[in-house]
Amino acid sequence: MNYKSLYEEELSNLSTQFFIFDTKGSGAKHDDADFIKYSWRTNKFGLVKPGDLFIYRRPGKSSETRKFYFFGAGKIETITPALNTCTEVDDKTRVNGVINKPFPFVNNIHPDELEDFRWSFKERKPDTWMYFFNQYGMNKIDKEDFIALMVRILMHRDHLILSKPIT
């Protein structure tokens, strides 16, 4: 199944928002489980709502290669209060988003494969990724960015990465 079929309803809904979620992987510290649930604090990142779509990003410090990469996508189905399973004591602002429609990428997308990618939500300084993404959290992106990344991922999967930016 391709992303257009999987996310057809969400992509046609004008209220759907799009994000990049940073995750260090499944674990108790942040109460995340890749492709199952994602945890965040509403006082820092209160924009996400049920029905929103996201792309996963593994930050460089948590990556095997020490460089970030994108590795999947999904939909936030529901949002519930966290059950205090993380290391923060009695954190009432922490919630869990239950992930529906997981879309793991066959191949990860690394920064060197995105040098020519034209972002819509924010301008990137040439030759650097420093300070482009929020540090360990969420980035709200435009629908155009989500679609262009998904197209790039499908092209990467099929070994057809373009030498020109996708518009």
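The following conversation goes through the predicted model shown above, from its confidence to its cores, strands and rings.

Visitor: What should I know about the model before we begin, and how are residues numbered?
Guide: This is a predicted model in which local features need pLDDT of at least 70 and side-chain atom pairs count only at pLDDT 80 or more, while totals for chains, interfaces and linings use all residues. Residues are numbered from 1 along each chain as its sequence is written, and side-chain values use heavy atoms, with hydrogens and water left out.

Visitor: What is the mean pLDDT of the protein chain?
Guide: The mean is 85, and 84% of the residues reach 70 or more; pLDDT is the predictor's confidence in each residue, from 0 to 100.

Visitor: Which elements have the lowest and the highest mean pLDDT?
Guide: Helix 3 (residues 143-157) has the lowest, at 87, and helix 2 (residues 8-12) the highest, at 97. Helices (H or I, at least four residues) and strands (E, at least two) are DSSP runs, numbered from the N terminus.

Visitor: Where does pLDDT stay under 50?
Guide: It does so over residues 159-167, for which the model has 17 contacts beyond four places in sequence. A contact means heavy atoms within 4.5 Å.

Visitor: On to the interior. How many residues are in the largest nonpolar core?
Guide: That core has 27 residues, and those with the most contacts inside it are Tyr7, Phe70, Phe103, Trp119, Phe146 and Met150. A nonpolar core is a set of buried Ala, Val, Leu, Ile, Met, Phe, Trp, Tyr and Cys residues joined through side-chain atoms within 4.5 Å. Buried means under 20% relative accessible area, exposed over 50%, and partly exposed in between (1.4 Å probe, protein chains only).

Visitor: Which element gives the most to this core?
Guide: Helix 3 does, with six residues. Helix 1 (3-6), strand 1 (18-22), strand 3 (53-58), strand 4 (69-81), strand 5 (94-109) and helix 3 each supply at least two residues. Another core, of 14 residues, lies apart from this one, and among its members are Tyr56, Phe71, Val95 and Ile99.

Visitor: What does Tyr7 touch?
Guide: Setting aside residues up to four places away in sequence, the contacts of Tyr7 include Leu53, Ala73, Phe103, Phe146 and Met150. Lys101 is also one of them. Lys101 is found in strand 5, and its phi is near 55°, a positive value in a residue other than glycine.

Visitor: Asn96 next: buried or exposed?
Guide: Asn96, in strand 5, is buried, with a relative accessible area of 7%. Beyond four places in sequence, its contacts include Asp31, Tyr38, Trp40 and Thr80. Thr80 also stands opposite Asn96 in strand 5.

Visitor: How many bridges pair strand 4 with strand 5?
Guide: Nine bridges pair them, in the antiparallel sense. Strand 2 (37-41) also pairs with strand 5 in the antiparallel sense, over five bridges, and there Trp40 has Val95 as its bridge partner. Two strands pair if DSSP finds at least two bridges between them.

Visitor: And Thr42, where is it found?
Guide: Thr42 is found in the loop between strand 2 and strand 3. It is partly exposed, with a relative accessible area of 38%. Thr42 touches Thr93 and Val95, not counting residues up to four places away in sequence.

Visitor: Changing topic, how many aromatic pairs are there in the whole structure?
Guide: A search finds 28. Rings of Phe, Tyr and Trp (its six-membered ring) pair if their centres lie within 6.5 Å; planes under 30 degrees apart count as stacked, over 60 as edge-to-face and the rest as tilted. Phe35 and Tyr56 form an edge-to-face pair, 5.1 Å centre to centre with 85° between the planes.

Visitor: Which parts does that pair tie together?
Guide: Phe35 lies in the loop between strand 1 and strand 2 and Tyr56 in strand 3, so the pair ties together parts that are 21 residues apart in sequence. Tyr56 is buried, at 0% relative accessibility, and Phe35 has a positive phi, near 70°.

Visitor: Which residues do ring pairs link into a cluster?
Guide: The cluster holds Phe19, Phe21, Phe35, Tyr38, Trp40, Phe54, Tyr56, Tyr69 and Phe71.

Visitor: Finally, which ring does the charged end of Arg57 sit over?
Guide: It sits over the ring of Phe68, 5.0 Å from its centre. Arg124 lies over the face of Trp129, at 3.9 Å from the ring centre. A charge sits over a ring if NZ of Lys or CZ of Arg is within 6 Å of the ring centre and within 35 degrees of the ring normal.
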